[in-house]
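Me: I have a model open and would like to go through it with you. Could we begin with one helix and then turn to pockets and cysteines?

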Amino acid sequence: MEKAINRQRVLLQHLLPPSSGDSSVLSASVCAAGDSAAYSRNPSFGDDVVIVAAYRTAICKSKRGGFKDTYPEDLLTPVLKAVIDKTKLDPKEVGDIVVGTVLAPGAQRANECRMAAFYAGFPETVPIRTVNRQCSSGLQAVADVAAAIRAGYYDIGIGAGLESMTANQVAWEGSINPKVKHFQQAQDCLLPMGITSENVAHRFGVTRQEQDQAAVESHRKAAAATASGKFKDEIVPVMTKIVDPKSGEEKQVTISVDDGIRPETTVSGLAKLRAVFKKDGSTTAGNSSQVSDGAGAVLLMRRDVAMQKGLPILGIFRSFVAVGVDPAIMGIGPAAAIPPAVKSAGLQIEDIDLFEINEAFASQFVYCCKKLEIDPAKVNVNGGAIALGHPLGATGARCVSTLLNEMGRRGKDCRFGVVSMCIGSGMGAAAVFERGDAVDQLNNARRIQSNNLLSKDAM
């Protein structure tokens with residue numbers, strides 16, 4: 001650290017105005033060392049927003065899985081408690097908790113989240129709110145907290161996600177405004193998500209074979225990750241109950257494994273399933289994400305605060321972008337959101353080492369990967385929503401946890417990662433993360449192609 005500081009002093013001297021009486025004029029040099037403009041942070045880099053903990057529950061099948069008899073707030077409580085307990089952070093230091101959630105009535109879910117915070121041990125002084133950007137809500141919560149920290153509203157915050165698709169189903173309350181008949185894109189906001197999947201497959205030529213193969217790969221990779229224990233570092237066991245629907249008998253259980261993974265899935269088996277949304281279509285229950293229950297939480301803070309507390313840094317929040325796309329083909333969202341998010345981080349697609357792209361439907365997942373020309377070996381290496389499930393509000397937080405844990409395992413061979421998903425009604429979101437130990441004050445400089453403008457001290 002001493003050498004780094006001295007090095008910066010030398011470089012900064014080149015930017016100082018000439019002393020009085022000095023007739024020579026010294027202009028600033030274009031210097032690569034310490035130039036972090038690509039990442040929009042100051043030279044001391046203490047203002048980086050970093051992730052120090054990221055946990056999730058297991059993801060379970062709605063109405064018949066491990067959380068079918070669990071209250072929504074009892075899903076959120078364990079992950080909120082985990083990020084505090086495992087970091088030994090005083091909960092009163094948290095400036096805000098933001099929870100992504102989609103299906104539940106807003107006022108009720110807001111109260112449930114507040115109750116969960118109390119159950120987890122947070123004092124009354126710590127505020128909490130919800131955010132709903134549909135399938136990206138969990139990632140939006142993380143981005144909102146990162147933005148608030150950057151703005152100086154507080155130094156420590158939690159971005160979380162929660163969904164119980166057992167307790168709350170996709171539904172439209174009240175009548176539909178007749179004005180919608182005169183606006184095609186407004187009409188398309190009401191399309192069933194499965195129809196938008198069929199639209200993507202038809203418009204961009206994604207075959208049934210490609211979709212079924214993607215589903216098989218999702219289950220295969222998720223099963224392998226589970227068998228090797230990869231998810232143990234990110235899953236918080238949840239003590240809950242299972243009620244026998246016939247006898248009403250309650251059984252106390254601890255849920256710590258995703259229960260939607262089907263290792264035996266084959267292309268030939270999936271080929272036997274009929275299309276669900278369109279006659280002669282290609283979207284089936286087997287190549288679509290599962291309807292699920294789950295929660296996740298991500299603890300963020302300024303880097304200098306994390307360093308003062310001696311906390312390990314899992315990752316750095318580099319950028320976030322949300323974009324709009326045609327509602328009729330909402331699944332193309334990641335293909336539209338990832339490029340500007342990567343550009344905002346000062347990178348190119350080929351610089352990204354790992355991608356977590358939500359598998360809402362195999363059709364849109366296949367299309368996005370092909371459109372962006374992403375190496376399949378970099379995408380959803382531990383499976384995705386087709387195998388694990390897609391608890392709408394929680395998926396973003398789940399993906400952040402899965403991504404950062406995998407990046408940590410891969411070490412120096414994996415520096416940058418992306419989380420992205422499509423969003424109902426026609427949007428996409430993406431965020432870029434950097435592995436926590438991949439950067440120091442000077443080694444994160446932008447690459448300069450030519451050295452002819454460098455000062456001699458920088459060469």
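**Helix α2, the largest pocket and cysteines**

Reply: Certainly. In this predicted model, the buried residues of α2 are P72, E73, L75, L76, T77, P78, V79, L80, A82, V83 and I84.

Me: How many of the 14 residues of α2 is that, and what follows for the helix?

Reply: Eleven of the 14 are buried, so α2 is largely enclosed by the rest of the structure.

Me: What covers those buried residues of α2?

Reply: The covering elements include the strands β1 (49-56), β3 (96-100), β5 (156-164), β6 (238-243) and β8 (292-302), together with helix α3 (106-119).

Me: How far apart are the end C-alpha atoms of α2, and what span should its residues give?

Reply: The end C-alpha atoms of α2 (residues 72-85) are 21 Å apart. At 1.5 Å a residue, its 14 residues should span 20 Å, which agrees.

Me: Changing topic: what volume does the largest pocket have?

Reply: Its volume is about 1300 Å³.

Me: Which residues lie nearest the centre of that pocket?

Reply: Of the 41 residues that line the largest pocket, L103, M165, V170, M193 and L392 lie nearest its centre.

Me: And the lining by class?

Reply: The lining comprises 23 nonpolar, 13 polar and five charged residues.

Me: On to cysteines. How many disulfides are there?

Reply: The count is zero, taking a disulfide as a pair of cysteine sulfur atoms within 2.5 Å.

Me: Is C60 buried or exposed?

Reply: C60 has a relative accessible area of 1%, so C60 is buried.

Me: What about C113?

Reply: C113 also counts as buried, because its relative accessibility is 0% and the cut-off for buried is under 20%.

Key:
Residues are numbered from 1 along each chain as its sequence is written. This is a predicted model: local features need pLDDT of at least 70, side-chain atom pairs count only at pLDDT 80 or more; totals for chains, interfaces and linings use all residues. Side-chain values use heavy atoms; hydrogens and water are left out. Helices (H or I, at least four residues) and strands (E, at least two) are DSSP runs, numbered from the N terminus. The expected span of a helix is 1.5 Å times one less than its number of residues. Buried means under 20% relative accessible area, exposed over 50%, partly exposed in between (1.4 Å probe, protein chains only). Contact means heavy atoms within 4.5 Å. On a 1 Å grid over the protein atoms alone, a cavity is a set of points where a 1.4 Å probe fits but cannot get out, and a pocket is an open set with protein on both sides within 12 Å along at least five of seven lines; lining residues have an atom within 4 Å of a point. Grid points are joined across faces, edges and corners, and a volume is the space filled by probe spheres set on the points. Ala, Val, Leu, Ile, Met, Phe, Trp, Tyr, Cys and Pro count as nonpolar, Asp, Glu, Lys and Arg as charged, and the others, Gly among them, as polar.
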